[in-house]
Amino acid sequence: MRYFRKMIEQYVPLEGDDWTNACAIFDVKDVKKGTIVHYAGDIFSEIWLIKSGLARSFLTDLNGKEHTWQLYFRGKSKHGLNHFMDDSVSFYEKKGSMLNFEILEDSTFYVAPLKALDKLISQEKKWETLARIWIHNTYYSATYKRVLSLMSETAEQRYHRLLDEYPLIFDQVKSYHIASYLGVAPQTLSKLKNKP
């Protein structure tokens, strides 16, 4: 959890028992490749912080085609905000999630119930401040940019944006998941990769 502590201390100071109290709500979970840790239709009730590994969230359309919504890993990126999984829309609206969450390689997570996280956030102004910052950076900003990109950019522009944001993504994620994330066919991604 030292990695997450460093991230947190960029935004709020930690004093006294702050860190101990925060760590107390998390359990460590080792999860095997191929495991679905959350199914669409179920209410999402936990937050999953990646210690190591790789995962994705995806939805399945009415024709049975899978669409990767997000990729989660602890690799280097410009933003560094893709290392925790949750579906707080499902949790707060008390509705089944539209997303499945799949582990793509053997992974280790720090997992906490969202109820416990809410309680922690309500106890200290600093945790509320941190939550507001992370909600903006992780959800609002990322979703806003992703949707606008899908609506306004060509496949080639989306591909170059992804490489700019996550330069090592092809070292970590299979091409067909990247193609799905970009909203293109695997053949299109292959042409983009081979384009001079």
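Let me begin with Thr-68, which at 2% relative accessibility counts as buried and which belongs to strand β4. Before going further I should say that what we are looking at is a predicted model, and everything I describe this morning should be heard with that in mind.

If we set aside the neighbours within four places in sequence, Thr-68 is in contact with Arg-56, Ser-57 and Phe-58, and also with Arg-146, His-177, Ser-180 and Tyr-181. Staying with strand β4, which covers residues 66-73, we find Phe-73 there as well, and this residue is buried, with a relative accessible area of 2%. To give you a sense of distance from that position, the C-alpha atom of Phe-73 is separated by 15 Å from that of Val-37, a residue 36 places away along the chain.

Let me turn now to the salt bridges, of which a search of the whole structure finds 12. I will go through three of them, and I start with Lys-126, which forms a salt bridge with Glu-15, where the closest N and O atoms are 3.4 Å apart. This pair links distant parts of the chain, since Lys-126 sits in helix α5 while Glu-15 lies in the loop between α1 and α2, 111 residues apart. As for how accessible the two partners are, Lys-126 is buried, with a relative accessible area of 12%, whereas Glu-15 counts as exposed at 53% relative accessibility.

Lys-126 has a further partner, because its side chain also meets that of Asp-18 in a salt bridge, with 2.6 Å from N to O. Here again distant parts of the chain are linked, with Asp-18 in helix α2 and Lys-126 in helix α5, 108 residues apart. In this pair both Asp-18 and Lys-126 are buried.

The third salt bridge I want to show you is the one in which the side chains of Lys-195 and Glu-156 meet, at 2.9 Å from N to O. Lys-195 is in the segment after α9 and Glu-156 is in helix α6, which spans residues 155-165, so that this pair too links distant parts of the chain, 39 residues apart. Lys-195 is partly exposed, with a relative accessible area of 46%, and Glu-156 is likewise partly exposed, with a value of 30%. Coming back to the earlier residues, salt bridges that share partners join Glu-15, Asp-18 and Lys-126 into one network.

How, then, are helices α8 and α9 arranged with respect to each other? Helix α8, residues 175-182, packs against helix α9, residues 186-194, at an angle of about 100 degrees, and their axes are 9 Å apart. Angles of 65 to 115 degrees count as roughly perpendicular, and α8 and α9 are therefore roughly perpendicular to each other. The contact is made by Ser-175, Ile-178, Ala-179 and Leu-182 on the α8 side, and by Pro-186, Leu-189 and Lys-193 on the α9 side.

I will finish at the surface, where Tyr-140, Tyr-144, Val-147, Leu-148 and Met-151 make a nonpolar patch of about 540 Å². One of these residues, Tyr-144, is found in helix α5, which runs over residues 125-152, and Tyr-144 is partly exposed, with a relative accessible area of 47%. Helix α5 is also where we placed Lys-126 a few moments ago, and Lys-126, by comparison, is buried.

Technical notes: Residues are numbered from 1 along each chain as its sequence is written. This is a predicted model: local features need pLDDT of at least 70, side-chain atom pairs count only at pLDDT 80 or more; totals for chains, interfaces and linings use all residues. Side-chain values use heavy atoms; hydrogens and water are left out. Patches are made of residues with over 30% relative accessible area and no salt bridge: like charges are joined within 9 Å, nonpolar side chains (Val, Leu, Ile, Met, Phe, Trp, Tyr) within 5 Å. Accessible areas come from the Shrake-Rupley method with a 1.4 Å probe; for residues, only the protein chains shown count as cover. A salt bridge is a side-chain nitrogen of Lys or Arg within 4 Å of a carboxyl oxygen of Asp or Glu. Helices (H or I, at least four residues) and strands (E, at least two) are DSSP runs, numbered from the N terminus. Buried means under 20% relative accessible area, exposed over 50%, partly exposed in between (1.4 Å probe, protein chains only). Axes are lines fitted to C-alpha atoms, for helices over the stretch in contact, and angles run from 0 to 180 degrees between N-to-C directions. Angles under 35 degrees count as roughly parallel, over 145 as roughly antiparallel, 65 to 115 as roughly perpendicular and the rest as oblique. Contact means heavy atoms within 4.5 Å.
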